Amino acid sequence: MSLRVAYIAANTFREAVRDRVLYNLIAFALLMSAAAILVGQISIGIERLVVVNLGLTAISLFGIVIAIFIGISLVSKEIEKRTLYTVLSRPVQRWEFIVGKFLGLAGTLVVNTFFMAIGVFGALLYVAHGLNPQDGWIAVALYFIILQFLMITAIALLFSSFSTPLLSAVFAFSLFIIGSFAGDLRSFAGMAQGVTRWLAIGAAYLLPNLSSLNVISSVAHQQPISIQLILSNTIYALVYTGMAICGSVLIFERRNLK
Amino acid sequence: MTTHARTTKIAATALLVCLVSTAFALHHLDRIQTQTTSEDVLYLSSPKVLKRLSLGYDGLLADLYWTRAIQYFGTKHYQHARDYKLLAPLLEITTTLDPHLIVAYEFGANFLAPPPPFGSGMPQRAIRLVEYGIRNNPDDWKLYYNLGFIDYMELKDYAQAADAFARGAKVPNAHPALKVMAAEMAQHAGDSQMAQIMWTTAFQSAKDPYIRANAITHLRALQVDQDISSLETLISVYRQKTGHPPSSFTDLQEIGLLRALPLDPFGHAYKLTPGGRVELRDPDNFPFITKGTPPGYVAPPVRFRPEDLGAS
Amino acid sequence: MPAIEILELEKTYSVGFWRKRPKIALRPLTLNVEDGEIFGFLGPNGAGKTTTLKLLMGLIFPTAGSARILGMEIHDPQVKAQIGFLPEQPYFYDYLTATELLEYYAQLSGVPAAERQRKVSEVLARSGLQNAAGTQLRKFSKGMLQRVGIAQAILHDPKVLFFDEPMSGLDPMGRREVRDLMEELKRQGKTVFFSTHILSDAESLCDRVAIIHQGELRGVGAIEDLTSSVEGKAEIVWHGSSVPTSLNSLATECHVVGDTVRAVVREANQDAVIDALRREGLRIISVTPVRTSLEEYFVRKIQVSQTAAGVKS
């Protein structure tokens, strides 16, 4: 049973790669190289800061775009192209399909991030002429970024299981942007009164809280990240992702494939 | 049970579990993150860079920062904080992103200029902020008023204050008080009457709850100071007449110096101590007072009354 | 035990955004398909054939009713391992090659790893795709995709096969191959359930057929039984240049070709016509019974329901 999930995940990964998604690495490499060289020439004293900020932000944004663009069509494309018919007529359970698709895309993003991380460390080495132990926190920032990817992928998958690609894209992007300000929104909600307050707080808790997963500027300033934060973020991201995936499964289980 | 029903049940249960866990996890995250560093709150300390990065959506970003500023102030205020270090950069970023957000300048005048624990203690920075506001909004009388306000209240520079009020009075639709204050400044600078006009104008012209609450509280304090000054005058008159201090206010009433028992703005009677001092029953209710406190009194940190914050 | 048992299977869609109107795709259908037979599911386009197949595959859910395949409920996951499905105008992951696709499907169908490669090459050969095995599916023609569809349906050696319009998109050679394949499957003891609107295919292949129109079953049975239920006809050919007046009421269709007349008469009137011709002294060339085609039975059934529908609506 679980092997089927792995097969589907592997096939999803293969699909993404053959869809030339990894070509984005070329654009990223160009960006990092140009930035590193430029910054090295100007030598304004904050080379390390720029490389880390730029590199991690680029990894985050590139990845979010990939997560959304591929995520929203994970299910809808298969339904539209009817490739799903011959898959579901086999002993594949619908939930296995959803989970497999998710893992495939998540895996793609992890691989993508891995290569990009090499690029960032390479650029850092170039401008700073060496790494120091504090740069290890960059790995934590990368880990948090991957957690963000998991959440966004799950959200995109959720929308894909019942909505058209266009609408899914709009919703997913909106949730990403809103999620980046989720902390402020929870405060706004807290300032409301009465029934609105509870509704607003409820809605604010349902939003993906991406702001606490963004430690890019802290890491750029070589500040350490507490173990507590790492643990809490991990639990939160995994639970949130699980929630979205369960939602996808529930929707997809009942869907008539016309 | 069919596998379909089983899957649905498992998925639904898992969904519920995850939902609840999400709420708890998020709550926990919020708790360990309340000590946000200034970097996290501001993202970027340079207003100009932030404006460029906002890709033209500076209005929205300004609103966001304004809300952060209010939140920051409110949280600190609630916690009886003794300083508001980040208020200045927050307001500066807000106004760089949106130079026409007048309320931000008013807020700065009210809470950047006064010394801690009432404000940030940065009157010069407040002046720079308001002058920037005037440059971008030359026809808004409130900004000239705010400028004069800072000069008068914090810097005690009455000449500058008069100048600011005079400039403001020339603006169309200016509040009539500006002309009056400009004119009276030469003679009556330092008068409590002057202060009363200024705080009343502040209350009338502002819509922000904190600014209005601040104004009401100051007006109350002025009232108390005035009441007590009058009472002290009456007491010395009594002393002259009878040769000894009065033992209670009824003494003053008996010889016709006082008609009714004096009450503070909350309706409680003033106390007359054996030493001949007039004191409030609850001085803690009156921030900003300069009279009416017992010897050795230490004022608690300022906290606005909820009724004042909700006052329309 | 019947290979396929369908009991009162029904599907209604709610169409429309605000006021949902029900659209009946399939009226309660009861049907059995016996083990080892080739069963044709016939009907014009939009009759409900694909709906029925999708219901059986679990791609859509019935509004009411149930079905069993090989004695197991259709939603039982063990059923899926025993069946193969070829959808109408199939489409596959076009970034994969034929071999990769079939290997992926073999994985999903639970074919043991040791046998996968062997089975895949076998099935590729069987479907005539050996030369295109390494080509990406995006480059396949419609006919080749159809072959891939058949390949993936038989890959894991299922007991029951479901084909939706298996001949569509194939040239005559391809159709012949598919027919041969279906007969071979039957010889192997498998059951084949296929839908089509091409009656000649059904006639040559099927043991039994069902006719469906507008979501409703119109007739089920072996072809001979069905066609013989329709009244027989006979074709009579004689020397002559015109139709004698006495025959006008008896002969339904008359064609005059050169110096012969060919008429189709109802079996009941056959003797009367022969007598009339002999009375006229005309020379009879031939009397041939005309076998009613399935097509005629089909058309008749459809017309009946259309008239009935017309009356109803």
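# A walk through a predicted three-chain model

Let's start in a loop: B:Lys156 sits in the stretch between helix 8 (141-153) and helix 9 (158-169) of chain B. Keep in mind that this is a predicted model. The backbone does something worth a look here, since B:Lys156 has a positive phi of about 50 degrees although it is not a glycine. As for its surroundings, B:Lys156 counts as exposed because it has 11 C-beta neighbours inside 10 Å, and the cut-off for exposed is 12 or fewer.

Follow chain B a little further and you meet another case. B:Asn173 lies in the loop between helix 9 and helix 10 (176-188) of chain B. Its phi is near 65 degrees, again a positive value in a residue other than glycine. B:Asn173 is exposed too, with 7 other C-beta atoms within 10 Å.

Now zoom out to chain B as a whole. The domain assignment splits chain B into domain 1 (41-212) and domain 2 (214-309). Taken over C-alpha atoms, the centres of domain 1 and domain 2 of chain B are separated by 32 Å. Where they meet, domain 1 of chain B puts in 17 residues and domain 2 of chain B puts in 12 residues. On the domain 1 side of that contact, helix 11 (192-205) and helix 12 (209-242) of chain B each supply at least two residues. Helix 11 of chain B gives the most to that side, with 7 residues. By residue type, the domain 1 side that touches domain 2 of chain B divides into 9 nonpolar, 6 polar and 2 charged.

Chain B also has a neighbour to deal with. In its contact with chain A, 25 residues of chain B meet 26 residues of chain A. Two helices of chain B, helix 1 (3-32) and helix 4 (58-78), each bring at least two residues to the side that touches chain A. Helix 1 of chain B gives the most to that side, namely 18 residues. The mix on the chain B side is 13 nonpolar, 10 polar and 2 charged residues.

Cross over to chain A and the secondary structure is quick to describe: 12 helices and 0 strands. Read along the sequence, that gives the pattern α-α-α-α-α-α-α-α-α-α-α-α. The radius of gyration of chain A is 20 Å, close to the 18 Å that the globule rule gives for 258 residues, so chain A is as compact as a globular protein of that length. If you prefer a box, the C-alpha atoms of chain A fill one of roughly 60 × 55 × 30 Å along the principal axes. Of the 258 residues of chain A, 43% count as buried. Among contacts in chain A with a separation of 6 or more, 85% are between residues 24 or more positions apart.

What about the interior? In soluble globular proteins, nonpolar side chains tend to be buried together. Here the largest nonpolar core has 151 residues, and A:Ala67, A:Ile152, A:Ile155, C:Leu102, C:Phe162 and C:Phe193 touch the most other members. The largest share of this core comes from helix 7 (residues 137-160) of chain A, with 17 residues. Take A:Ile155 as an example: leaving aside its neighbours within four places in sequence, A:Ile155 is in contact with A:Ala172, A:Leu175, A:Pro208 and A:Ala244. Apart from the largest core lies another one, of 67 residues, among them B:Ala62, B:Leu112, B:Ala182 and B:Leu252.

That leaves chain C, which has 10 helices and 14 strands. The radius of gyration of chain C is 25 Å, well over the 20 Å that the globule rule gives for 313 residues, so chain C is more spread out than a compact globule. Along its principal axes, the C-alpha trace of chain C spans about 80 × 50 × 40 Å. Buried residues make up 38% of the 313 residues in chain C.

A good place to stop is strand 3 (residues 38-42) of chain C, where 5 of its 5 residues are buried. In a regular strand the side chains alternate between the two faces of the sheet. For strand 3 of chain C both faces are covered, with C:Ile38, C:Gly40 and C:Leu42 on one side and C:Phe39 and C:Phe41 on the other. Strand 3 runs parallel to strand 8 (residues 191-196) of chain C, joined by 5 bridges, and C:Gly40 stands opposite C:Phe194 in strand 8. Strand 3 also pairs in the parallel sense with strand 9 (residues 208-213) of chain C over 4 bridges, where the bridge partner of C:Phe39 is C:Arg208.

Note on methods. Residues are numbered from 1 along each chain as its sequence is written. Chains are lettered from A and ligands numbered from 1 in the order in which they are written. This is a predicted model: local features need pLDDT of at least 70, side-chain atom pairs count only at pLDDT 80 or more; totals for chains, interfaces and linings use all residues. Two residues are in contact if their C-beta atoms, placed from the backbone, lie within 7 Å. Ala, Val, Leu, Ile, Met, Phe, Trp, Tyr, Cys and Pro count as nonpolar, Asp, Glu, Lys and Arg as charged, and the others, Gly among them, as polar. Domain bounds come from an automatic or database domain assignment. A nonpolar core is a set of buried Ala, Val, Leu, Ile, Met, Phe, Trp, Tyr and Cys residues joined through C-beta atoms within 7 Å. A residue is buried if 20 or more other C-beta atoms lie within 10 Å of its own, exposed if 12 or fewer, and partly exposed in between; C-beta atoms are placed from the backbone. Two strands pair if DSSP finds at least two bridges between them. The radius of gyration is taken over C-alpha atoms; the globule rule is 2.2 Å times the number of residues to the power 0.38.
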